[in-house]
Amino acid sequence: MSPARGRAALLLFVLMYDSMADNEKQASKAGLRGGAFQGRWGRPQPCRGPGRHEAGDAGARDRRQEQLTADPSRRDDRRRFRRSIMAGGPMPKIGQSQLRFEDDALIRGNGRYTADLRVPGEVVAVILRSAVGAGEIQTLDPSPAAGLPGVLAVLTGQDMAADGIGSFEPRLRFPGPDGTPMRIPRFPPMTTGSLRYLGEPVALILAETRAQAEDAAEAIVLDIDERPTVVDCLAAIGPSAPLVWDEYPDNRSFVFEQGDGAAVQHALATAAHVVRQRLRISRVTAAALEPRSALASFDPATGQYRLEIGTQSPHRIAAELAPVLGVPTASVRVVARDCGGSFGMKNVAYPEYAIALWAARRIGRPVRWTATRLESFQADAHARDQWVDAALALAEDGTFLALEVDAVANLGAYVGPTAPHSPTANLGGLAGVYRTPHIHVRVTGAMTNTQQTAAYRGAGRPEATYVIERMIDIAAAEIGIDRIELRRRNLIDPGQMPFKTGLVFTYDSGNFPAILDRALALSDWAGFAVRREASRRRGRLRGIGIANPIEIAGGPTAKPHPEFARLVVDPDGSVCLYAGSSDTGQGHGTAFRQILGDALGIVPSKVSIVTGDTGLVPQGTGSFGSRTLSAAGTAISRSIDAVVEKLKDHAADLLETAAADVVFSHGAYVVAGTDRRLAFTDALAGLSAPVMAETFSSADGATFPNGCHICEVEVDPETGAVEMLGYLVVDDVGRVINPLLVKGQISGGIAQGFGQALMEQAVYDEAGQLLSATFMDYAMPRACDAPSFVIESFPVPTAANPLGVKGAGEAGTVGALSAVISAVCDALGAFGISHLDMPATPHRVWQAIQDATSRQG
């Protein structure tokens with residue numbers, strides 16, 4: 001199976017987890033190593049509501065009706081399907097497993113992705129990119145291309161500058177080196193002369209067809225004087241490194257610090273044990289199934305830009321593009337429909353979006369740009385990429401005294417909108433679930449001749465967990481304490497909640513010891529020695545790894561970002577929800593319908609959801625950081641409360657009682673102290689107009705999903721090949737709205753985590769050439785690489801939001817990096833190897849064994 005097909009297979013594998021009815025069936029049916037899936041598929045609930053934008057896109061409904069009219073068999077099939085799923089089955093409630101209502105259209109090929117959209121008069125955009133890692137343009141002559149058939153225009157960065165197009169800015173700012181202001185180089189969408197990374201846009205070709213545009217790109221005369229490059233962030237801050245920017249002599253953008261440095265230094269100086277380790281956190285890319293694509297247009301009559309893209313945060317994208325274009329945010333309408341994978345990578349405004357919008361205005365026609373897979377590897381934001389020096393101070397009995405972390409983060413050549421975020425915003429996770437009293441961290445943001453970095457599933461959370469969990473394993477080995485016992489001695493007890501950690505966070509809830517105990521029991525940790533011996537007899541090395549991840553969700557801690565929700569309830573019982581959180585495959589439409597059904601008794605077929613459109617949804621923050629059910633759930637819950645309150649007097653009249661005697665509970669108005677009740681849907685009778693309520697508000701606090709991950713692997717010492725034999729998670733994501741969605745999210749997160757731990761890596765050579773620019777070179781996990789995941793919920797609800805949820809979207813990834821590398825290192829312990837940097841590829845594992853064997857003589 002090719003790597004590209006393997007990615008699709010892995011996604012299907014994760015989708016299968018979504019459809020499993022319970023954890024026991026999940027363990028039996030997902031046995032990929034045993035061959036075909038066993039058992040039955042889960043059955044969908046019989047209710048389904050309209051898809052995204054169905055309530056607000058009359059043209060789309062008309063087009064679908066035309067298709068059904070032209071094809072009677074298709075119409076009859078659709079009617080039969082609708083009758084089967086809308087025949088009045090049980091109401092989906094909070095806590096029940098429910099197949100996603102969104103999936104029918106997607107698995108039947110009826111999704112609406114950007115590349116599916118067609119508008120009259122559109123032209124195709126192709127971008128000529130830098131083929132070198134750094135250099136100066138000596139000649140750029142577009143004239144040979146301008147006269148080719150179908151070519152409408154060939155434009156450059158000089159043209160953009162002449163039209164007043166501006167520069168991208170980072171969302172966060174920190175002190176620069178030596179207390180100076182943060183160094184933020186100008187970041188135009190297209191270069192005006194200097195080239196600083198492979199794939200940087202050089203020229204734009206607009207043509208009637210893609211083939212014509214590509215031919216024109218090849219005809220452009222481009223001569224570049226190459227310059228030396230630096231691609232490693234640690235090397236970039238060295239004394240003799242090539243300069244990415246002449247005006248920044250040390251390649252440093254910022255230095256960010258948190259924690260009590262003096263207390264940490266004192267603890268390091270006086271501790272009985274100090275364990276130190278340099279850790280490499282590799283560079284990866286999202287490799288989304290759907291490459292980035294944009295359809296841009298401009299209305300000269302209104303001055304309104306419109307951008308159709310796949311993204312998880314349309315309102316943020318609009319806010320970032322507006323200053324670049326020199327217009328108010330309200331003049332940029334971003335519409336996000338279906339999205340084939342984002343994982344944080346599409347949560348940022350890219351140069352191609354600004355280029356397409358500007359070109360649409362300049363040429364007077366809609367402009368379409370779609371990345372090739374090669375462009376995706378070159379031009380999508382990369383992620384992670386850090387060097388970390390860590391020191392853990394321990395008392396004689398193993399009590400943690402302090403943790404010091406000094407990290408260098410690769411920002412890329414330009415400081416993109418979210419480049420400073422991941423290495424700095426979630427550092428509180430370094431505390432883990434432990435009572436370490438003093439923690440200090442320093443992060444240096446370094447510029448290199450590489451693509452910008454941005455958020456990727458976890459956005460700093462997996463990195464923080466990796467640091468503390470690896471340091472615990474290494475410390476346990478060095479000071480001779482069992483690694484489980486060392487963790488137990490330092491775990492935060494539930495009776496200590498709320499607990500102020502040694503860095504930033506205050507945990508409000510959780511039962512970390514109980515989760516650890518449950519995971520150890522489920523994994524048969526005590527019986528591992530027998531399994532290891534069985535592997536040894538077969539010539540294999542067996543290892544078991546553990547991680548206790550915790551992360552912030554729905555933050556920041558001081559005041560969580562707000563989210564928007566508007567409910568419009570019609571007298572006929574139909575509801576339209578306008579939500580500021582955009583769905584990129586998480587299943588929001590299903591979870592939102594469950595919340596509405598549980599609170600108001602509204603069947604899913606009566607619910608329409610409008611999201612992802614800044615023109616229809618006036619405000620929004622977006623979906624990221626495992627925040628949607630805590631943030632959007634809070635906004636929806638408060639809108640529900642407002643609608644219920646608005647109808648209270650009307651319900652009291654129908655119940656023939658005073659409003660003061662009426663309470664609302666479980667979807668009905670109830671006369672207190674009696675059995676008289678009026679369903680919410682019945683209370684709508686007699687209304688002459690819809691009831692509406694909206695809110696743009698924040699949850700009361702951030703949440704802290706946590707859990708325990710245990711992984712078993714086997715290593716072939718002759719080849720270095722690593723096989724995952726088992727993976728188990730016990731997770732506290734708070735109150736569980738839909739168990740199937742939670743298992744699907746955690747399964748997908750694990751897959752991305754073990755992919756980075758074992759194989760994924762974006763690699764540049766010394767000249768700035770991207771060596772991993774195809775799926776032949778960038779290894780992706782396949783379905784056959786994954787064992788049967790066992791996932792068990794251990795919910796400890798939070799009071800930080802009305803639903804009691806904590807978040808699940810990133811939980812799998814946050815723990816997987818640590819657990820998998822822990823298992824590999826445990827297997828290699830037979831050769832005296834205490835640590836191996838990710839990714840644990842066969843060659844790296846084999847080489848480590850050879851080196852260890854040579855040292856042992």
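**Stop 1: a paired strand**

Select Leu577 in this predicted model, and then select Ile609, its bridge partner in strand 21. Extending the selection to strand 20 (residues 575–579) and strand 21 brings up a pair that runs in the parallel sense over five bridges. Strands of a sheet pair through backbone hydrogen bonds, either parallel or antiparallel.

Now widen the view to the open sheet, in which four strands follow the order 21-20-19-25 with mixed pairing. At its edges are strand 21 (607–611) and strand 25 (691–697), each of which pairs on one side only. From one strand to the next, the twist averages 15°.

**Stop 2: the largest cavity**

Rolling a probe the size of a water molecule over the atoms shows where empty space is left. In this structure there are seven cavities of 30 Å³ or more, and the largest has a volume of about 110 Å³. To find this cavity, select Gln386, Pro423, Leu427, Glu463 and Ala464, which are the closest to its centre among the 17 lining residues.

Which elements supply at least two residues each to the lining of the largest cavity? They are strand 13, strand 14 (400–412), helix 14 (422–425), strand 15 (438–447) and helix 15 (461–479). Helix 14 gives the most, with four residues. Colouring the lining by class shows 11 nonpolar, five polar and one charged residues.

**Stop 3: the second largest cavity**

The next selection is the lining of the second largest cavity, whose volume is about 70 Å³. Among the residues that line this cavity are Ala383, Arg384, Asn410, Thr418, Ser422 and Thr453. Gln386, Pro423 and Glu463 also belong to this lining, and these three residues were selected at the previous stop as well.

Strand 13, strand 14 and helix 14 are the elements that give two or more residues to the lining of the second largest cavity. Here strand 13 gives the most, with three residues. By class, this lining has five nonpolar, five polar and two charged residues.

**Stop 4: salt bridges across the sequence**

Remain with strand 13 (residues 382–394) and select Asp385, which forms a salt bridge with Arg280; the closest N and O atoms are 2.9 Å apart. Because Arg280 lies in strand 8 (residues 273–285) and Asp385 in strand 13, the pair ties together parts that are 105 residues apart in sequence. Both Asp385 and Arg280 are buried.

Next, select Arg368 and Glu122, a salt bridge whose closest N and O atoms are 2.7 Å apart. Arg368 belongs to strand 12 (residues 367–370), while Glu122 sits in the loop between helix 5 (103–107) and strand 1 (123–129), so this pair ties together parts that are 246 residues apart in sequence. Arg368 and Glu122 are both buried.

**Stop 5: a salt bridge within a helix**

Move to helix 16 (residues 483–490), where Glu485 and Arg489 are four residues apart, or about one helical turn. Their side chains form a salt bridge, with the closest N and O atoms 2.9 Å apart. Are these two residues buried or partly exposed? Glu485 counts as partly exposed, at 32% relative accessibility, and Arg489 is likewise partly exposed, with a relative accessible area of 34%.

**Stop 6: a network**

Finally, select Asp524, Arg531, Arg538, Arg542, Glu712 and Glu714 together, since salt bridges that share partners join them into one network. Across the whole structure, a search finds 47 salt bridges.

How values were computed: Residues numbered from 1 in each chain as written. Predicted model: local features only at pLDDT ≥ 70, side-chain atom pairs only at ≥ 80, totals over all residues. Heavy atoms only, no water. Salt bridge = Lys/Arg side-chain N within 4 Å of Asp/Glu carboxyl O. Buried < 20%, exposed > 50% of the residue type's maximum accessible area, 1.4 Å probe, protein only. 1 Å grid on protein atoms, 1.4 Å probe; cavity = no way out; pocket = protein on both sides within 12 Å on 5 of 7 lines; lining within 4 Å. Points joined across faces, edges and corners; volume = space filled by probe spheres on them. Nonpolar A, V, L, I, M, F, W, Y, C, P; charged D, E, K, R; others polar. Pairing = 2+ DSSP bridges. Axes fitted to C-alpha atoms, helices over the stretch in contact; angles between N-to-C directions.
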